[in-house]
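Here is a short report for a reader meeting this structure for the first time. It moves from strand pairs to salt bridges, then to a pocket and one residue.

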Amino acid sequence: MSSGVGAVSRNKTTYDPMTQKNLTTWALAALCSLGCGAAALAQDSSALLDALVRKKVLTSQEAEDVRADLIKENMQTNAGKLQLGNSITSLKLYGDIRLRYQYDSTQNQIVAAENDAHDTQKERERIRLRLGADFTLNGGFFGGVGLQTAQASDSGNQTVDDPTDGSAGFGNYNIYISKAYFGWANDYLTVIGGKQANPFYTTDLVWDPDINPVGAVEKVDLIKLFSGDTAEALGYSKAGKATSTVHSESPFGLSLVAGQFAFSDNGDSKTSAWTSDTKTNYATHDNATDCWLFDTQLIATAKVTSGVTATVAPGYMTYTNGNTGYLNNATAFYTGTTATSGNLYVTTGTGSAAQTTYYSSQRDLSIITAPGDVSFTICGLKSKVLWDFAYNLKGDARDEDILGLTDIQVPVKNASGVVTGYRNASGSLTSATKVSGHKSQDDLAWLAGLQVGENKKAGDWSVFSNFRQTGIAAVDPNLNDSDFANGYLNMQGVKTGVNYNLTDFCVASVTYYDAWNLRSDLVGGQATGGQKIAPANSVQVVQVDLSVKF
């Protein structure tokens, strides 16, 4: 028979997870009753509750119940000055203001006459305001809204006293809806609908960080979803709990993210019959098709060693071939709505039987992407090496059919560098010989860079630098970064900068961009003519920012 001392010892070492859950729940509920601290507790408890869920001390539902109790208690105290609906379990209000000085210098490829400007410079003072609210609801639902200055999808910057938009002479600025979404999530699945932050792991090579796409997004945590042998191989038991031979959390992460985004809405009926002409058929189809962007990405992370984490995120994106009308981006490329130079249209018939139809600017974009990074600590500073890669599987067709690069005209310049004429690929000034303007480098975009440091509190600093090349057919000019080379394609160069925290909430930044053309023989088509998506020999940009977050 065991002695009394032995019995006491066994009682002390017995682990009852249900008892621990109940104690934790009651402890948090007891804290709720301290009315003077309810507001702070309601705001600060989320991180604790999330940690308890990860450690499997609480279930997700128990954590949501505690959050709801905290909010309700807060509402009944003097601290609950903001009245919230009973369904809201948490609400976060935030925003930022950025003041910017920007200087741009552009050297153009084509100069029509010797007296025309070969170089252009522009100085601007700009302001950006963003306001946001994120909320969580009972039952795993959540949502958010956002407002900002400027309507362009790839920039929230409002040029100060801009005479082109009526704000000169101290005019007021417009405010636009930048986010409006809601969703639902459980332990492994998240579904979101509406205008939302970019859900993908990416750099600014393919996606401008200011763009908030609109549509539906699904995120699946594959580690949490699957059980059995797969989960066990990654450090989990069949019951979904960490095995005793590994850490409580798996060193691996694997998520699938899919997005279906509305890009442009069109009519539902064809405007002409099918013909033997390719572009006429394009137009016939595209007039009656909505333009949607489909993007899917697999995000894999691994803790290589203590303090070193690697991430790779291969993906694929493509569009339906629908017309895009007019787009309001920094360097937009769109179908157009009138039969004028640069727009994408086909006219069939003559006289009273003439008919004009339009085809999509988003055709022949079938892009493989592969961003990634390795994060580590150097001299106590969080750092990372990062990269990105994009390859358009239909680059040759996009060059020729959409961008019109079927007869490259090489500029002939005088001693002053002014273009005085052109020669095509045959070397003749007047030859009608047509040759493909496509080269394999047009289909590829890539980026490699380094970041050292991070900005969280007063005195923090960070520096970064990256080099990139962007072929003219490699990415969508409506999505790529509008700051690097002013958004132009067929460019390569460096982006570098430094950020310093003056306070916990105020950051000063300086960024410099130096870009030059990837191919010097891209003249004509939509490169230097039409909508001019690649018109520059070189572009330099300097941005000096002061940002305050609240």
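## Strands, salt bridges and a pocket

Q102 has Q543, in strand 23, as its bridge partner. That contact belongs to a longer pairing. Strand 1 (residues 88-108) and strand 23 (residues 536-549) run antiparallel and share 13 bridges. The model is a predicted one.

Strand 23 also pairs with strand 22 (residues 506-517). These two are antiparallel as well, with 11 bridges between them. Here A508 is matched with L546 of strand 23.

A further set of pairings centres on strand 19. Strand 16 (residues 381-392) pairs with strand 19 (residues 444-453) in the antiparallel sense, over nine bridges. S383 faces V452 in strand 19. Strand 19 is also joined to strand 20 (residues 461-470) by nine bridges, and the two run antiparallel. Within strand 20, N466 is the bridge partner of G449.

### Salt bridges

How many salt bridges does the structure hold? The count is 10. The table lists some of them.

| Pair | Closest N and O atoms |
|---|---|
| D96 and R130 | 2.9 Å |
| K495 and D204 | 2.9 Å |
| D460 and K457 | 3.5 Å |

Take D96 and R130, whose closest N and O atoms are 2.9 Å apart. D96 sits in strand 1 and R130 in strand 2 (residues 119-137), so their salt bridge ties together parts that are 34 residues apart in sequence. Is D96 buried or exposed? D96 is buried, at a relative accessible area of 10%. R130 is partly exposed, at 29%.

The K495 and D204 side chains also meet at 2.9 Å, N to O. K495 belongs to strand 21 (residues 491-501), while D204 lies in the loop between strand 6 (189-195) and strand 7 (214-221), so this pair ties together parts that are 291 residues apart in sequence. K495 is buried, with a relative accessible area of 14%. D204 is buried too, with a value of 11%.

D460 bonds with K457 in a salt bridge, with closest N and O atoms 3.5 Å apart. D460 counts as buried, because its relative accessibility is 14% and the cut-off for buried is under 20%.

Some salt bridges share partners. They join D96, R128, R130 and D210 into one network.

### The second largest pocket

The second largest pocket has a volume of about 1600 Å³. Its lining is made of 49 residues. Which of them lie nearest the centre of the second largest pocket? They are P209, Q451, F464, K495 and N499. K495 is thus named here as well as in the salt bridge with D204. By type, the lining divides into 13 nonpolar, 17 polar and 19 charged residues.

### A closer look at D373

D373 is part of strand 15 (residues 372-378). It counts as buried, with a relative accessibility of 5%. Which residues does D373 touch, leaving aside those up to four places away in sequence? The contacts are Y201, T309, A310, T311, K384, V385, L386 and W387.

D373 can also be placed relative to L450. The two are 77 residues apart in sequence. In space, their C-alpha atoms are 9.4 Å apart.

Notes. Residues numbered from 1 in each chain as written. Predicted model: local features only at pLDDT ≥ 70, side-chain atom pairs only at ≥ 80, totals over all residues. Heavy atoms only, no water. 1 Å grid on protein atoms, 1.4 Å probe; cavity = no way out; pocket = protein on both sides within 12 Å on 5 of 7 lines; lining within 4 Å. Points joined across faces, edges and corners; volume = space filled by probe spheres on them. Nonpolar A, V, L, I, M, F, W, Y, C, P; charged D, E, K, R; others polar. Pairing = 2+ DSSP bridges. Helix = DSSP H or I, 4+ residues; strand = E, 2+ residues; numbered from the N terminus. Salt bridge = Lys/Arg side-chain N within 4 Å of Asp/Glu carboxyl O. Buried < 20%, exposed > 50% of the residue type's maximum accessible area, 1.4 Å probe, protein only. Contact = heavy atoms within 4.5 Å.
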